[in-house]
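Work through the exercises below with the sequence and the model side by side. Try each task before reading its solution.

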Amino acid sequence: MHGFTHFILAALVISLSFCGCAIRPKAVPTKPTPDVNRILKSLEQLKNDLKTFKGVGRCKTIGHSGVQTFRIVWIGSQPQNLRVETLGPWGQPTLTFVINGSRFFLYSHQDNRYFKGEATIGNLSRYVSMPMRAEDLFALLSGQPPILPFDYTKIRASTPDGGWLLSLYKKWGRLIEKIWLKNDAKAVEQVEVFDGWGNLRYTVAFSEFHQTESFLFPHRIAISDTGGQLWSLTVEKFWTKVSIPNGAYTLEVSGAEVVE
């Protein structure tokens, strides 16, 4: 019995010694970390290049009244002028939403009510269902990620096939945004926006990219918060360098109930 035990121990020692002498596979060389300044500069340049744009698509919202789907059209121009209209089954406008600089205007055609006020986060959140700046909404409808003001950045690999995670911070290490990049940091796949205290405000997912001029434009944009999806936009057509009609960012209404 003792001989058998010694045999087992000897076999175990020999096997461990072979394991220690085994040739380890060479580490796979990691890709060089992309230049964060170049990424941010590229995103800023794209925003500046999109002087004017126009889109047509289908929007789905999920709220207290259930799921609603409707067609929308929108136009925008720098610096952050935007006009969005929802359309009824016969193509008639049912809701017109305008951002003109620091002001916003909303007109409900069905009940002839007119809302106006400062385009602050608090005011806009009543209509877009999330705490979002006017410039963030402008960025999303031009197929771009919102970029919040930050003090410093960190970047790390997120996937083995060229994905990167870029994090933006304010002072004292306060995380305000995460940006997932794909295609070797040439396109933004997802964004998470925080309030600076670690609380998630909303998430944006970009997908179904198509080449539009010199950049990849997402034809599906889904926005959600911690409670789930709030709305999604399927872009059917998108144009850049379009002509903006005079008075596109003003609303002329008569006899409407005005709510300041």
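**Exercise 1: the largest pocket**

Task: find which strands and helices each supply at least two residues of the lining of the largest pocket.

Solution. The model is predicted. Begin with the strands: S1 (52-63), S2 (66-77), S3 (81-87), S4 (93-100), S5 (103-108) and S13 (228-240) each supply at least two lining residues. Helices H3 (121-128) and H4 (134-141) each do so too.

Next, take the volume. The largest pocket holds about 980 Å³ of space. Its lining has 29 residues. Nearest the centre lie Thr61, Phe70, Leu95, Tyr127 and Val128.

Last, sort the lining by class. It has 17 nonpolar, 11 polar and one charged residues.

**Exercise 2: the second largest pocket**

Task: state the volume of the second largest pocket, then say which element gives the largest share of its lining.

Solution. The volume is about 490 Å³. The pocket is lined by 26 residues, and Ser42, Leu46, Lys186, Phe215 and Leu216 are the closest to its centre.

Now assign elements. Helix H2 (36-49) and strands S10 (187-194), S11 (200-212) and S12 (215-225) each give at least two residues to this lining. The largest share, seven residues, belongs to H2.

By class, the lining divides into 14 nonpolar, seven polar and five charged residues.

**Exercise 3: two hairpins**

Task: trace the pairing of S3 with S4, then of S4 with S5.

Solution. Start with S3 and S4. They pair in the antiparallel sense, over six bridges. Use Glu85 as a register mark: its bridge partner in S4 is Thr96. Five residues lie between the strands of this hairpin, and Gly91 takes a positive phi near 85 degrees.

Move on to S4 and S5. This pairing is antiparallel, with six bridges. Here Phe97 has Leu106 in S5 as its bridge partner. The hairpin has two residues between its strands. In the turn, Gly101 has a positive phi of about 65 degrees.

**Exercise 4: nonpolar cores**

Task: name the residues with the most contacts inside the largest nonpolar core, and list what Trp74 touches beyond its neighbours within four places in sequence.

Solution. In soluble globular proteins, nonpolar side chains tend to be buried together. In this model, the largest nonpolar core has 50 residues. Trp74 and Ile223 have the most contacts inside it.

Then list the contacts of Trp74, leaving aside neighbours within four places in sequence. They are Phe53, Lys54, Gly55, Val56, Gly57, Arg83, Val84, Leu141, Leu233, Val235 and Phe238.

Finally, look for another core. A second, separate core has eight residues, including Ile75, Tyr107, Tyr249 and Leu251.

**Exercise 5: helix H4**

Task: decide whether H4 is largely enclosed or open, and place Asp136 in that picture.

Solution. Count burial along the helix. Seven of the eight residues of H4 are buried, so the helix is largely enclosed by the rest of the structure. The buried residues are Ala134, Asp136, Leu137, Phe138, Ala139, Leu140 and Leu141.

Focus on Asp136, which lies in H4. The cut-off for buried is under 20% relative accessible area. Asp136 has 3%, so it counts as buried. Leaving aside neighbours within four places in sequence, Asp136 is in contact with Pro146, Leu148 and Tyr202.

Then step past the helix. H4 is followed by Gly143, with a positive phi near 75 degrees.

Definitions and conventions: Residues are numbered from 1 along each chain as its sequence is written. This is a predicted model: local features need pLDDT of at least 70, side-chain atom pairs count only at pLDDT 80 or more; totals for chains, interfaces and linings use all residues. Side-chain values use heavy atoms; hydrogens and water are left out. On a 1 Å grid over the protein atoms alone, a cavity is a set of points where a 1.4 Å probe fits but cannot get out, and a pocket is an open set with protein on both sides within 12 Å along at least five of seven lines; lining residues have an atom within 4 Å of a point. Grid points are joined across faces, edges and corners, and a volume is the space filled by probe spheres set on the points. Helices (H or I, at least four residues) and strands (E, at least two) are DSSP runs, numbered from the N terminus. Ala, Val, Leu, Ile, Met, Phe, Trp, Tyr, Cys and Pro count as nonpolar, Asp, Glu, Lys and Arg as charged, and the others, Gly among them, as polar. A nonpolar core is a set of buried Ala, Val, Leu, Ile, Met, Phe, Trp, Tyr and Cys residues joined through side-chain atoms within 4.5 Å. Buried means under 20% relative accessible area, exposed over 50%, partly exposed in between (1.4 Å probe, protein chains only). Contact means heavy atoms within 4.5 Å. Two strands pair if DSSP finds at least two bridges between them.
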